[in-house]
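I opened the model to look up a few points before planning bench work. My notes follow in the order I took them.

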Amino acid sequence: MEEVFKSGTLDMSASPIPGLEAFPAWGDLLTNRILTVVAVLLLLAGLPDLFRLAPHLLYSFDRSRGAAALEHSLGMARTRNLVALACALPFCLMADRYALMRPGFWAQIPAQWSAPATLGLLVAFLLVRALFYLIWRPRRLNTEAYATLRHNLYNYFILLTGLMLVSVGILSLLHLPDAVIRTVLWVEMAVFYLFALFRSGQFLSTFGMGFPTFLYLCGLEMIPAALMVAVVKFL
């Protein structure tokens with residue numbers, strides 16, 4: 001019996017079958033590693049500002065007039081904008097890692113450029129949103145109130161990014177599947193966006209707007225978001 005196995009030959013090809021090569025893991029891509037290091041450095045550099053900003057963010061989360069109080073302080077408003085900018089990269093890295101936004105044309109983008117493309121998608125959304133704010137500015141709002149309404153989403157974006165980072169860390173330690181983590185992140189994004197809309201509506205209602213509040217929210221917030229969803233789902 002031993003002689004039979006000793007004299008056998010291996011007829012299987014020594015080279016891998018084309019198309020079955022293993023794709024590199026997300027963390028193995030050099031671009032993602034570099035961007036992750038940059039994101040960590042940005043977060044560490046922004047921690048002191050985040051700690052000073054946290055009470056104002058929590059107050060704006062709890063009450064609609066909290067956003068107006070934050071915007072009234074030019075120093076805090078400027079700090080909020082910088083912290084929101086620093087949160088953009090970590091948010092996009094999580095969105096890319098767990099495939100939160102995957103338009104059909106994404107298959108044409110090389111894997112190493114997927115994260116930068118996700119960042120570009122977020123920038124495109126913000127530009128479209130800014131354009132709608134320029135076109136459809138509520139006439140009853142003064143300059144500070146207009147800035148409060150426009151930047152209110154940034155307050156929730158910072159809180160959302162922090163929650164997503166904590167969620168990803170905990171769920172990854174529990175070794176849960178990517179599909180579960182993706183669902184959790186989607187739910188968090190939806191809840192925070194809806195709550196931001198609710199607070200913006202409350203803020204607009206303080207200026208005596210009834211039905212126009214809904215129209216303004218549609219034009220300023222919902223339509224840009226709907227366009228983003230349409231791009232992700234149908235392109």
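Entry 1, cysteines. I began with C87, which is buried, at a relative accessible area of 6%. I looked up C218 next and found this residue buried too, at 18%; the cut-off for buried is under 20%, so C218 falls within it. I then ran a search for disulfides over the whole structure, and the result was zero. I note here that the model is predicted.

Entry 2, overall make-up. I counted secondary structure and got eight helices and zero strands. Read from the N terminus, the order of elements is α-α-α-α-α-α-α-α. The protein has 235 residues, and 37% of them count as buried. I also took the accessible surface, which comes to about 13,900 Å². Carbon and sulfur atoms account for 72% of that surface. For contacts between residues at least 6 apart in sequence, I noted that 73% join residues at least 24 apart.

Entry 3, helix α4. I turned to helix α4, which covers residues 74-97 and has 24 residues. From first C-alpha to last, α4 reaches 35 Å, close to the expected 34 Å at 1.5 Å a residue. I checked the axis of α4 as well and found a bend of about 25° at A88. A proline, P90, follows within four residues of that bend. How many residues of α4 are buried? I get 17 of the 24, so α4 is largely enclosed by the rest of the structure. After α4 comes A99, and I wrote down its phi as positive, near 50°.

Entry 4, R199. Where does R199 sit? I place R199 in helix α7, which spans residues 178-205. Is R199 buried or exposed? I find R199 buried, with a relative accessible area of 11%. Leaving out residues up to four places away in sequence, I listed what R199 touches: S60, F61, D62, R63, S64, N152 and Y156. I also looked for polar contacts and recorded one of 2.5 Å between the side chains of R199 and Q202.

Entry 5, recap. I have three buried residues on the page: C87 at 6%, C218 at 18% and R199 at 11%. For α4, I keep the bend at A88 and the count of 17 buried residues out of 24. For the whole structure, I keep the search result of zero disulfides and the tally of eight helices.

Definitions and conventions
Residues are numbered from 1 along each chain as its sequence is written. This is a predicted model: local features need pLDDT of at least 70, side-chain atom pairs count only at pLDDT 80 or more; totals for chains, interfaces and linings use all residues. Side-chain values use heavy atoms; hydrogens and water are left out. A disulfide is a pair of cysteine sulfur atoms within 2.5 Å. Buried means under 20% relative accessible area, exposed over 50%, partly exposed in between (1.4 Å probe, protein chains only). Helices (H or I, at least four residues) and strands (E, at least two) are DSSP runs, numbered from the N terminus. A polar contact is a pair of N or O atoms within 3.5 Å; within protein, one must be able to donate a hydrogen and the other to accept it, and residues adjacent in sequence count only if both atoms are side-chain atoms. Contact means heavy atoms within 4.5 Å. Accessible areas come from the Shrake-Rupley method with a 1.4 Å probe; for residues, only the protein chains shown count as cover. The expected span of a helix is 1.5 Å times one less than its number of residues. The bend at a residue is the angle between axes fitted to the seven residues ending there and the seven starting there.
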